[in-house]
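Biologist: Got a minute to walk me through this one? I'd like to hear about the packing and the rings.
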Amino acid sequence: MRKLLIPSPHALPDPQPIEGARPAPEARQPSLGRNLRASRERLGLQQVDVAEHLRMTGASVSNWEKDANVPDMETLFKLCKLYDVTLDELTGFTTTTYRSLSMTERQLVEQYRKLDPHGLQMVASVMKMEVERMQAEAIRKARQIVQLRDFFMPASAGIGEYLPEGDNYQWLSVYQTPETERADMIVHVSGDSMRPTLKDGDQLLIQQTETLSVGELGVFLVNGDGYVKELGKGCLVSHNRKYKDIRFSDYDDVRCVGRVLGLLDESDIAVEA
């Protein structure tokens, strides 16, 4: 991975203004004036309506909303009552108010405030687990499902007819991944002749093909017996050196069933809703 070198801000030249360009607007910070205007417009009131209610001039209300002037504290409290907002809401010190919470949420807040540090830690831990569970559930429901043939007879365990015909397989629903999308079948490993690459019980995602390149892993039929091996030159290679490679002659019936794409993980097996 290439490392990006980011120069220090002190090493950068001061930006030069572009002739004729308009200056960038400043970031809009919360202001009392904008909150006053938004609160008034939310109720459908005109500036003159607020002025009459407070027995002040319309110019005063206009100046407040332009941030040209600030109402005194007594007037602020009257405005809070008129607009049905808290002082924090009006001044922009908070975005979530106690009033916006349901009764159940308020009770939970009150109970939360009574907890000791241990209780707070327990609640935070449970909430984190539940949020992660809900996120995982949402992702699971959104995943596409594909059907693959799951063969009963494992490789390296006797006769293996890995063909679509017959009743030697069942359909298995799996989640769509780059590997399962390319796969045509699932074959189970039997034995330890391919350790450490593969182990007994592994479920292999197989792409059906009749040809492989030397060095690729695949499922083969040799005189009717099924094996999962690496294709060598004139032989099938076992990764576990305790086992001899399977060499064949022109008289042997050697067929390639498919290419090993990878392992099927238990989490890739679709769970019925």
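**Packing and rings**

Modeller: Let's start with L36: leaving aside its neighbours within four places in sequence, L36 is in contact with W64, E65, L79, Y83 and L90. Keep in mind that this is a predicted model.

Biologist: OK, and where does L36 lie?

Modeller: L36 is part of helix α1, which covers residues 32–42.

Biologist: Is L36 buried or exposed?

Modeller: Buried, with a relative accessible area of 2%. The cut-off for buried is under 20%.

Biologist: How far is L36 from C80 in space?

Modeller: C-alpha to C-alpha, L36 and C80 are 9.3 Å apart, while in sequence they are 44 residues apart.

Biologist: Switching to cores. Which residues have the most contacts inside the largest nonpolar core?

Modeller: Those are L204, I206 and V228, in a core of 16 residues.

Biologist: And which elements give two or more residues to this core?

Modeller: Four strands do: β3 (185–188), β4 (203–208), β5 (217–222) and β9 (254–263). The largest share comes from β5, with three residues. Apart from that core lies another, of 13 residues, and V50, V61, W64 and L79 are among them. You've met W64 and L79 already, as contacts of L36.

Biologist: Now the rings. How many aromatic pairs does a search of the whole structure find?

Modeller: Two. One of them is F151 with Y169, a tilted pair at 5.4 Å centre to centre and 55 degrees between the planes.

Biologist: Which parts does the F151 and Y169 pair tie together?

Modeller: F151 sits in strand β1 (residues 145–151) and Y169 in strand β2 (residues 169–175), so the pair links parts that are 18 residues apart in sequence. Both rings belong to buried residues: F151 has a relative accessible area of 2%, and Y169 has 17%.

Biologist: What about Y169 and W171, why is that pair edge-to-face?

Modeller: Because their planes are at 85 degrees, and over 60 counts as edge-to-face. The ring centres of Y169 and W171 are 5.7 Å apart.

Biologist: Is W171 buried or exposed?

Modeller: Exposed, at 52% relative accessibility. Still, F151, Y169 and W171 form one aromatic cluster.

Biologist: One more: what sits over the ring of Y169?

Modeller: The charged end of R149, at 5.8 Å from the ring centre. So Y169 takes part in a tilted pair with F151 and an edge-to-face pair with W171, and has R149 over its ring too.

Notes: Residues numbered from 1 in each chain as written. Predicted model: local features only at pLDDT ≥ 70, side-chain atom pairs only at ≥ 80, totals over all residues. Heavy atoms only, no water. Core = buried A, V, L, I, M, F, W, Y, C linked by side-chain atoms within 4.5 Å. Buried < 20%, exposed > 50% of the residue type's maximum accessible area, 1.4 Å probe, protein only. Phe/Tyr/Trp six-rings, centres within 6.5 Å; stacked < 30°, edge-to-face > 60°. Lys NZ or Arg CZ within 6 Å of the ring centre and 35° of its normal. Contact = heavy atoms within 4.5 Å.
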